[in-house]
Amino acid sequence: MNVLEFCRPETHPDIPNVWNVLAPYSAAAQAEQGLSFYKQIYREPAAVHKKLQHITNKEVEQINRRLPQIISLADPYANPKTVSEQHCQDFSLPYLFRLLCGLNPVRGGVVHICPYCSGLLEKNKLVRVETRTCVPKPYADILSEYSQAEKLIVTGQQCIHTETVSRFFVLHLINI
């Protein structure tokens with residue numbers, strides 16, 4: 001499995017140089033065409049955990065090697081509206097959290113996490129959310145500004161395609 005398939009440099013219409021990254025769970029589900037992956041979860045959960053750990057390690061390696069300025073991280077196959085929250089807690093969140101903890105850029109950057117993922121991370125006490133207010137401006141501008149910070153900024157709680165915002169949510173990883 002080529003992990004680079006799940007880490008793609010793309011341009012959003014209003015945010016240049018964004019790397020779209022599938023979280024490990026969704027990368028595995030997409031590589032297996034979904035249904036066979038879900039079947040394997042129930043038949044061989046240990047093998048799935050091993051596969052998810054491998055994908056997590058490879059994604060961390062690829063992202064740290066390239067050090068993109070802005071990452072849009074999503075886990076569409078682990079949406080709690082389509083699979084149970086318990087399923088997400090068992091098979092998605094641990095690897096999403098390990099991926100975030102493994103990112104070690106030499107300079108700053110922004111990791112934007114889709115609201116479904118960031119909401120689950122907060123609900124499971126893996127992140128603490130800090131709300132920052134600002135004058136209303138395009139979300140793309142805020143992401144670009146924060147991408148210049150010295151340290152990596154993790155954000156979420158709203159869609160990356162949100163046009164204008166007056167609040168920005170910084171996610172602080174909780175050491176467990």
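A residue is called buried when its relative accessible area is under 20%, and this wording is used in the legends below, which describe close-up views of a predicted model.

**Figure 1. The whole chain, with its helices and strands.** The chain of this predicted model contains six helices and seven strands. Followed along the sequence, these elements come in the pattern β-β-α-α-α-β-α-β-α-β-α-β-β. Of the 176 residues in the chain, 45% are buried.

**Figure 2. Helix H4 and its bend at Ser92.** The buried residues of helix H4 are His87, Cys88, Phe91, Ser92, Leu93, Tyr95, Leu96, Phe97, Leu99 and Leu100. In an α-helix there are 3.6 residues a turn, so residues three or four places apart point the same way. How far apart are the end C-alpha atoms of H4, and what span should its 18 residues have? At 1.5 Å a residue the expected span is 26 Å, and the end C-alpha atoms lie 24 Å apart, which agrees. The helix nevertheless bends by about 45 degrees at Ser92, and within four residues of this position a proline, Pro94, follows.

**Figure 3. The largest pocket and the residues that line it.** The largest pocket has a volume of about 210 Å³, and its lining consists of 16 residues, among which Lys151, Leu152, Ile153, Val154 and Leu173 lie nearest the centre. At least two lining residues are supplied by each of helix H4 (85-102), strand S6 (152-155) and strand S7 (164-173). The largest share, four residues, comes from S7. Sorted by character, the lining of this pocket holds 10 nonpolar, two polar and four charged residues.

**Figure 4. The largest cavity inside the structure.** Rolling a probe the size of a water molecule over the atoms shows where empty space is left. When the whole structure is searched, one cavity of 30 Å³ or more is found, and the space in the largest cavity is about 60 Å³. Which residues line the largest cavity? They are Ile63, Asn64, Leu67, Pro68, Ile71, Leu103, Asn104, Pro105 and Leu152. Seven of these lining residues are nonpolar, two are polar and none is charged. Leu152 belongs to the lining of this cavity, and Leu152 is also one of the residues nearest the centre of the largest pocket.

**Figure 5. Aromatic rings that pair with one another.** The count of aromatic pairs in the structure comes to five. One pair is formed by Tyr139 and Phe168, whose rings are tilted, with 6.3 Å from centre to centre and 50 degrees between the planes. Because Tyr139 lies in helix H6 (residues 139-146) and Phe168 in strand S7, this pair ties together parts that are 29 residues apart in sequence. Are Tyr139 and Phe168 buried or exposed? Both of these residues are buried. In addition, Tyr25, Phe37 and Tyr38 form one aromatic cluster.

**Figure 6. Two loop residues with a positive phi.** Lys125 is not a glycine, yet its phi is positive, at about 60 degrees. This lysine sits in the loop between helix H5 (115-123) and strand S5 (127-138). With a relative accessible area of 61%, Lys125 is exposed, since exposed means over 50%. Gln157, which is likewise a residue other than glycine, has a positive phi near 70 degrees. The loop that holds Gln157 runs between S6 and S7. With a relative accessibility of 25%, Gln157 counts as partly exposed.

Technical notes. Residues numbered from 1 in each chain as written. Predicted model: local features only at pLDDT ≥ 70, side-chain atom pairs only at ≥ 80, totals over all residues. Heavy atoms only, no water. 1 Å grid on protein atoms, 1.4 Å probe; cavity = no way out; pocket = protein on both sides within 12 Å on 5 of 7 lines; lining within 4 Å. Points joined across faces, edges and corners; volume = space filled by probe spheres on them. Nonpolar A, V, L, I, M, F, W, Y, C, P; charged D, E, K, R; others polar. Expected span 1.5 Å × (residues − 1). Bend = angle between axes of the 7 residues up to and from the residue. Buried < 20%, exposed > 50% of the residue type's maximum accessible area, 1.4 Å probe, protein only. Phe/Tyr/Trp six-rings, centres within 6.5 Å; stacked < 30°, edge-to-face > 60°.
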